[in-house]
Amino acid sequence: MTIRIQAEPSGFGAVVSGPDLTKPIDDETYKAIRAAFEEYSLLIFHDQPFTDETQVAFGERFGPLEIVTKTRVGGGGGDMIADISNVNRETDEILPVDGDVMVYRSGNEMWHTDSSFRDVPAMASMLSGREVPPEGGETEFVSMRAAYKRLDAEQQAALEGLVAVHDYTYSRALVGSTLSPAQQKELPPAKQVVVRTNPANGEKNFFTASHASHIVGWPVEKGRDYMKELVALATRPEDIYTHQWRQHDLVIWDNRCTLHRGRTWEKARYRRIMRRTTVAGDGPTVAIGSEAVGA
Ligand code: OGA
Ligand code: MN
């Protein structure tokens, strides 16, 4: 199988063409895609008309998938498929823009990395554009690896050993969404190292997100401001890759070293149906109840 990988000039992001991901792929193709993922952090594929089933099968090539939060407002679309849409799955009608489900989902419009509020943060996310609006609804991405490289040696050293608390209740409150007691119980705050190292190539990055509430051992406001500063540093306008969706695009990103956010669109007018599979990380970044254990 021929595979063509066109990297962005910045070295962050690549468009991959050739393989049909809706069918089983051979090991060689998987290895080429996986290597590109480790290197470019963000992969774009066009013309991949997935069903939930074929999307799960492709995702599982990368490793075990996360199970969608059971208590999630609005439910998921099946155990391993997250429903990122403005359409009610049962009635097929556009959801009210001011209703609970859409307010909750608007949390995706803040810079974040998926599942950093879980003890085992996500490794990769795979988002399939099933029905995309004619305008708006882009997804933006930045590299925390590139941003880490922009720090000087002293700034990089200051991050070593820090541990941040990522808290879903905190981040959802930022968009005016309140988690139910059951959700809060299912997703208590999680600790994450602030510096991560990619095990495949040794590349380092800082790791933060809108979910990052504070730093362990620091006054809450000081840690919160510091996390916000790192997000701002990573998301300078000139460093943003904006993905304009075409129907049947598949975008894969590395949650260990990128941030992303959805952009709004005319939600009352246009349908936008995306489905996400999420490849689980391979372990916690911090041993529960102790200091950092690695990436
Ligand atoms: C996600 C996400 C943003 C978007 O699927 O994890 O944040 O543009 N999506 O839908
Ligand atoms: Mn997300």
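How far from an N or O atom in the side chain of Asp-114 is an oxygen atom of ligand 1? In this predicted model, the separation is 3.1 Å. Two further side chains approach ligand 1 through polar atoms: one such atom of His-260 lies 3.0 Å from a ligand oxygen, and one of Arg-272 lies 2.8 Å from a ligand oxygen. Of the 290 Å² of accessible area that ligand 1 has on its own, the protein covers 98%.

Ligand 1 is located in the largest cavity. The residues surrounding ligand 1 are Ile-84, Asn-108, His-112, Asp-114, Leu-127, Thr-139, Trp-253, His-260, Gly-262, Arg-272 and Arg-276. Sorted by class, this shell comprises 3 nonpolar, 5 polar and 3 charged residues.

The metal site draws on residues that also belong to the shell of ligand 1. His-112, Asp-114 and His-260 are members of that shell, and the protein donors of the manganese ion (ligand 2) are His-112 (NE2), Asp-114 (OD) and His-260 (NE2). These donors lie 2.1 to 2.2 Å from the manganese ion. Along the chain, the donors of the manganese ion follow the spacing H-x1-D-x145-H.

Burial was computed for two of the donor residues. His-112 has a relative accessible area of 4% and is therefore classed as buried, the cut-off being under 20%. Asp-114 likewise has a relative accessible area of 4%, so this residue is also buried. Asp-114 thus combines a metal-donor role through OD with a side-chain N or O atom 3.1 Å from an oxygen of ligand 1. His-260 provides NE2 to the manganese ion and has a polar side-chain atom 3.0 Å from an oxygen of ligand 1.

Definitions and conventions: Residues numbered from 1 in each chain as written. Chains lettered and ligands numbered in written order. Predicted model: local features only at pLDDT ≥ 70, side-chain atom pairs only at ≥ 80, totals over all residues. Heavy atoms only, no water. Near = heavy atom within 4 Å. Polar contact = N/O pair within 3.5 Å; in protein donor to acceptor, adjacent residues only side chain to side chain. Areas by Shrake-Rupley, 256 points an atom, 1.4 Å probe, with all protein chains shown as cover. 1 Å grid on protein atoms, 1.4 Å probe; cavity = no way out; pocket = protein on both sides within 12 Å on 5 of 7 lines; lining within 4 Å. Sits in = over half its atoms within 2 Å of the grid points. Nonpolar A, V, L, I, M, F, W, Y, C, P; charged D, E, K, R; others polar. Donors = N, O, S within 2.8 Å, 3.2 Å for Na, K, Ca; no water. Buried < 20%, exposed > 50% of the residue type's maximum accessible area, 1.4 Å probe, protein only.
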